[in-house]
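Please open your viewer and have the sequence beside it, since each stop on this tour asks you to select something and then look at what surrounds it.

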Amino acid sequence: MKPLPKFLLTFLLTFLSSITSFSQTETSKKDQRYIFFLHNKFVEENDLTTAHPEYGKAEYNEILASFRKDNFIVFSEKRKKNTNAADYAEKIVKQIKALIKKGISPSKITVIGTSKGGYIAQYVSTYLANPNVNFVFIGCFKDSDIEQIPDINFCGNILTIYEKSDIYGVSAIKRKETSKLKINHFKEIELNTNLKHGFLYKASDNWIAPSKKWATGDYN
């Protein structure tokens, strides 16, 4: 059997290489995970260089960098002052629905919110009402919320993280029990850093690591 002409061999090798490359790209796109990160109220109201008098600088950019370092595609922006939480949640819901419409699996999408951002994330959970999307609520529940914000219903795969010394975030079991929508997975993590509400200002693995784990679909 005669060997293939050089030009034909080169063509075949290039063609096979392109198929492999295309396949890897498609696999990569299929496995890609997305995070919507919603920051706290202090970042909303202050320049990023401004330090909180008790908690110090809010490490917003460092937090985003940590998620991106682990190959998450991160959607986040510094909100305008006095942003209405419920209205902003509607905006995020539209963005998530657009991703799902493009063929991205809801289970590959995670909404992570700290403090006020966590309340916005709770509204997103309520309005989106998709039990397969992941949510991480950080330092953003008080027992009084049940009566003061009755329109929130958890829905999705829910992880709540709160700090034992923080009066602005406690166990959200009560909200889980009153929610009328479907919750596929629910887990809570209590931290003990003694940093009060300041724990969520830091790009700390105390809360970032379990958030990443949750965003990969590891609900244990």
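The tour begins with the whole chain and then goes on to pairs of helices and to single residues.

**The whole chain**

Before you select anything, keep in mind that this is a predicted model. If you colour the chain by secondary structure, you should find eight helices and eight strands. Of its 220 residues, 45% count as buried, and the accessible surface comes to about 11,900 Å², with 54% of that area belonging to carbon and sulfur atoms. Contacts between residues at least 6 apart in sequence are also worth a thought, because a contact here means heavy atoms within 4.5 Å. Of these contacts, 78% join residues that are at least 24 apart along the chain.

**Helix α8 and what covers it**

Now select residues 205-215, which form helix α8, and show the side chains of its buried residues, namely W207, I208, P210, S211, K212, W214 and A215. Which elements cover the buried residues of α8? Among them are the strands β1 (34-38), β5 (109-114), β6 (134-138), β7 (156-163) and β8 (183-191), together with α3 (60-69).

Look next at the two ends of this helix. At its start, a side-chain oxygen of S204 comes to within 3.1 Å of the backbone nitrogen of N206, while after α8 you meet G217, which has a positive phi, near 90 degrees.

**Two pairs of helices**

Two packed helices are described by the angle between their axes and the distance between the axes. Keep α8 on display and add α3: these two pack at an angle of about 35 degrees, with their axes 11 Å apart. Their contact is made by I63, S66, F67 and K69 on the α3 side and by W207, I208, S211 and K212 on the α8 side. The crossing of α3 and α8 is right-handed.

For the second pair, select residues 85-101 for α4 and residues 116-128 for α5, whose axes come within 8 Å and cross at roughly 55 degrees. Are these two helices oblique or roughly perpendicular to each other? Angles from 65 to 115 degrees count as roughly perpendicular, and α4 and α5 are therefore oblique to each other. Their crossing, too, is described as right-handed. To see where they meet, show residues of α4 including Y88, I92, V93 and I96, and then I120, Y123, V124, Y127 and L128 of α5.

**N40, in a loop**

Select N40, which you will find in the loop between β1 and α2 (41-45). Is N40 buried or exposed? Buried means under 20% relative accessible area, and N40, at 5% relative accessibility, therefore counts as buried. Leaving out residues up to four places away in sequence, N40 touches R79, T114, S115, K116, G117, L200 and Y201. A polar atom of its side chain lies 3.4 Å from the backbone nitrogen of V43. If you draw a C-alpha to C-alpha distance from N40 to I138, it comes to 9.7 Å, although the two are 98 residues apart in sequence.

**S179, in another loop**

Finish at S179, in the loop between α7 (173-178) and β8. At 13% relative accessibility, S179 counts as buried. What does the side chain of S179 reach at 2.7 Å? It is the backbone oxygen of R175, and a polar atom of the S179 side chain also lies 2.8 Å from the backbone nitrogen of F154. Apart from neighbours within four places in sequence, S179 is in contact with N153 and F154.

Definitions and conventions:
Residues are numbered from 1 along each chain as its sequence is written. This is a predicted model: local features need pLDDT of at least 70, side-chain atom pairs count only at pLDDT 80 or more; totals for chains, interfaces and linings use all residues. Side-chain values use heavy atoms; hydrogens and water are left out. Helices (H or I, at least four residues) and strands (E, at least two) are DSSP runs, numbered from the N terminus. Buried means under 20% relative accessible area, exposed over 50%, partly exposed in between (1.4 Å probe, protein chains only). Accessible areas come from the Shrake-Rupley method with a 1.4 Å probe; for residues, only the protein chains shown count as cover. A polar contact is a pair of N or O atoms within 3.5 Å; within protein, one must be able to donate a hydrogen and the other to accept it, and residues adjacent in sequence count only if both atoms are side-chain atoms. Axes are lines fitted to C-alpha atoms, for helices over the stretch in contact, and angles run from 0 to 180 degrees between N-to-C directions. Angles under 35 degrees count as roughly parallel, over 145 as roughly antiparallel, 65 to 115 as roughly perpendicular and the rest as oblique. A crossing is left-handed if the near helix is turned anticlockwise from the far one by less than a right angle, and right-handed if clockwise.
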